[in-house]
Amino acid sequence: MSNYTDPALLLFEPHERDGIEKLVNGASPFKLAWLSGYLAARGWDGFKQENLPSMAAEKSSVSDMQPVRILFASQTGNAQSLAEQLHNSLCQAGLSAELTNISDFKPSQLKEESRLVLITSTQGEGEPPESAESFFKLLSGKRAPDLKHLSFAVLGLGDRSYEFFCQAAIDADRHFSDLGGKAFLPVQALDVDYEQEANAWSEQLVSVLKAQQPEESSFAIASDQNVPASAEYGKQTPFKAQLLVNQAITSLGSAKDIRHYEISLETSGIQYQPGDVLGVYFRNNAASVDELLKTLSLKGTETVQLDGEAIELRHALLEKFELTQSYPKFAKAYAEHSNQTQRTSPLRENVADAVALRAYLAERQIYDIVAEFPCQLEAQDLADMLRKQQPRFYSIASAQSEVGEEVHLTVRTVEYDAFGSTHYGGASGCLASLKEGDDIRVFVQPSEFKLPKDPQTPVIMVGPGTGIAPFRSFLQHREQAGAQGENWLFFGNSRFCEDFLYQQEWQEWLRSGLLTRMNTAFSRDQATRIYVQHRLKEEGKTLFEWLQRGAFIYVCGDASRMAKDVHQALIDVIAEHGNRSSEQAEAYLDQLKQEKRYQKDVY
Ligand SMILES: Cc1cc2nc3c(=O)[nH]c(=O)nc-3n(C[C@H](O)[C@H](O)[C@H](O)COP(=O)(O)OP(=O)(O)OC[C@H]3O[C@@H](n4cnc5c(N)ncnc54)[C@H](O)[C@@H]3O)c2cc1C
Ligand SMILES: Cc1cc2nc3c(=O)[nH]c(=O)nc-3n(C[C@H](O)[C@H](O)[C@H](O)COP(=O)(O)O)c2cc1C
């Protein structure tokens with residue numbers, strides 16, 4: 001005889017057991033089946049009533065454990081790579097985290113989040129990156145959500161040379177708090193040399209989040225999940241490429257020097273998409289570096305320490321440091337030093353006032369400051385005052401389907417006279433001086449600025465000046481792909497005869513039908529100035545029809561005035577031809593932006 005007793009029977013008293021036995025013994029299989037369903041339904045109702053509070057409690061502990069959402073808003077990839085590193089660290093620490101580009105995040109989703117980390121750069125004049133515009137608009141607008149349930153942390157990347165240092169991060173932090181959120185950590189605003197401080201911040205955040213995590217978490221995910229593979233060539237590891245072509249595409253009479261560059265990517269395996277940008281590291285001008293060394297009574301052969309490595313000073317000045325842009329860190333340290341050596345240095349007065357310092361630095365390169373206040377300096381002191389060179393970015397002007405292992409750029413040389421000599425921009429000046437066969441260090445920075453997936457979709461491209469670059473890439477790509485969608489280009493520059501960039505190429509594409517329409521605005525060819533925004537308004541009726549038909553609209557080039565004027569012109573066009581108020585027209589544009597049908601690449 002078995003000692004086994006059905007555990008269910010232990011639940012019942014002997015008289016209850018008898019009742020059950022009586023009911024089921026001899027019942028037909030159909031009756032038994034019906035009875036089991038009936039009892040299950042009765043039992044489940046009661047079970048729900050009794051257990052509701054504890055189930056709700058379980059649910060809320062689950063939602064507290066939502067993955068940490070790491071949102072990044074980045075223009076040139078810095079915030080993105082920090083976000084990727086943080087995501088990696090959180091995963092390695094056994095914490096659940098989701099990495100999301102802010103352009104893929106619906107702002108309305110914010111109210112669903114319980115733990116959020118935002119890493120954002122600041123662009124324009126204290127504005128968030130293009131991809132984060134709708135997010136910031138929601139935070140500061142009337143429809144801002146209640147964020148009492150939100151814990152958050154904000155990391156900002158910026159540049160102290162700008163008036164509104166890390167403003168986007170500061171604004172986001174304030175909005176989150178004002179809407180009821182609680183900060184894990186105070187907002188952190190970092191300058192261009194951000195790596196070390198960013199690492200420290202990430203470590204701190206990991207400890208704070210770990211401390212909140214229950215001992216055993218079923219949410220920990222493997223450290224290699226969702227972590228993008230690092231490419232062979234990138235910001236930290238640029239490719240040494242060879243210059244193939246350096247050709248002026250403005251004529252000699254032009255007020256501007258705009259050049260077309262072709263660079264070989266052979267052997268690198270580097271791939272890019274239309275709309276991506278190229279990061280360029282450059283060599284500072286050797287004559288200017290030698291002049292600076294002479295002024296500071298340095299030979300250049302001295303050895304300095306940089307990132308734990310010994311390097312010859314002259315080489316470091318040529319390749320590693322920023323000398324054409326000036327910045328507060330240098331001015332302050334140099335003023336301090338020159339004050340010790342020259343007791344009455346007027347540089348100190350400028351440094352004391354942030355507004356005066358900005359105005360002073362805006363007009364001067366590092367070379368100018370040193371020339372104005374010569375002094376004697378140890379090589380290492382100089383190295384410690386300088387900041388590391390930041391790559392410059394250029395919209396890629398070619399499509400790989402057309403040019404293979406090459407990349408083309410359209411670059412305006414920064415060139416101006418000041419303090420008795422001609423000054424050049426670091427990267428654009430270096431590029432302009434390169435000859436065929438010279439090398440240049442580059443890497444591809446993927447961008448959000450992308451053609452529609454559907455090749456039938458019509459596109460409208462607004463690209464005055466060097467803003468034309470990505471549209472050459474778009475058209476090359478569409479031609480190669482045999483895309484049937486219509487293409488409409490708005491181009492502007494100073495004068496038709498001197499400044500019509502890539503004129504022949506557009507004309508050929510107009511002839512072949514690839515380019516459906518083209519409107520130009522040469523601002524100085526008549527008494528009144530005409531810009532692309534005027535052409536957009538003149539063509540308002542057709543433009544609105546294109547938008548209604550699903551066209552994508554792209555704007556590239558100057559951020560300070562052009563992009564704002566074009567934005568306003570689009571609002572005017574939509575209001576007039578779509579019979580809408582300005583607010584409704586703005587909402588229409590916002591909707592296009594959300595759908596990635598209105599994209600900007602402005603600088
Ligand atoms: C995403 C992106 C895409 C871009 N695409 C393009 C592109 O396709 N083509 C293009 O040409 N540029 C493009 N740019 C701009 C480009 O990255 C550089 O900013 C530009 O070439 C200047 O860099 P530079 O190194 O030559 O000059 P820098 O060395 O950076 O500048 C020199 C210094 O001179 C000062 N200065 C400049 N002009 C004057 C003046 N007139 N008077 C007094 N001081 C002055 C400035 O304050 C600056 O500090 C893009 C930028 C971004 C962010
Ligand atoms: C066109 C332009 C405008 C910028 N404006 C600001 C600014 O107003 N304030 C600031 O702190 N930094 C400003 N910066 C500096 C960037 O925020 C900084 O380089 C940052 O590291 C870029 O990060 P990202 O690559 O993630 O966009 C600007 C940079 C560019 C190229």
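The shell around ligand 2 in this predicted model comprises 10 nonpolar, 12 polar and two charged residues. In total, 24 residues surround ligand 2. S74, T76, A79, S121 and G158 are the closest of them.

Ligand 1 has a shell of 25 residues, of which T324, G425, G426, S428 and Y603 come nearest. Its shell divides into 11 nonpolar, 11 polar and three charged residues. Two domains each contribute at least three residues to the shell around ligand 1: domain 3 (239-271 + 391-445) and domain 4 (286-385). Among secondary-structure elements, at least two residues of this shell come from each of β12 (392-395), β13 (406-412), β14 (415-418) and α16 (426-433).

Strands β12 and β13 also belong to an open sheet of six strands, ordered β12-β9-β16-β7-β8-β13, in which the pairing is antiparallel. Because β12 and β13 each have a single partner strand, they stand at the edges, and one side of each is left without a neighbour in the sheet. From one strand to the next, the twist of this sheet averages 40°. The edge strand β12 is joined by four bridges to β9 (residues 277-281), and the two run antiparallel. Within this pair, V280 has R392 of β12 as its bridge partner.

A further open sheet contains five strands in the order β19-β18-β17-β20-β21, with parallel pairing. Its edge strands, β19 (517-522) and β21 (598-602), each pair on one side only. Here the twist averages 10° from one strand to the next. The two sheets are set side by side below.

| Sheet order | Strands | Pairing | Average twist between successive strands |
|---|---|---|---|
| β12-β9-β16-β7-β8-β13 | six strands | antiparallel | 40° |
| β19-β18-β17-β20-β21 | five strands | parallel | 10° |

Within the five-stranded sheet, β17 (residues 459-462) and β20 (residues 552-557) run parallel and are joined by four bridges. I460 has I553 as its bridge partner in β20. Helix α22 packs on this sheet and touches β17, β20 and β21. The direction of α22 makes about 155° with that of β20.

Helix α22 (residues 562-577) also packs against helix α21 (residues 540-548), at an angle of about 85° and with the axes 9 Å apart. The angle makes α21 roughly perpendicular to α22. On the α21 side, the contact is made by G540, K541, L543 and F544. The residues contributed by α22 are V573, I574, E576 and H577. By class, this helix contact has four nonpolar, two polar and two charged residues.

Helix α22 is thus described by two kinds of packing: on the sheet, where it touches β17, β20 and β21, and with α21, at an angle of about 85°.

Definitions and conventions:
Residues numbered from 1 in each chain as written. Chains lettered and ligands numbered in written order. Predicted model: local features only at pLDDT ≥ 70, side-chain atom pairs only at ≥ 80, totals over all residues. Axes fitted to C-alpha atoms, helices over the stretch in contact; angles between N-to-C directions. Parallel < 35°, antiparallel > 145°, perpendicular 65-115°, else oblique. Contact = placed C-beta atoms within 7 Å. Nonpolar A, V, L, I, M, F, W, Y, C, P; charged D, E, K, R; others polar. Near = placed C-beta within 6 Å. Domains from an automatic or database assignment. Pairing = 2+ DSSP bridges.
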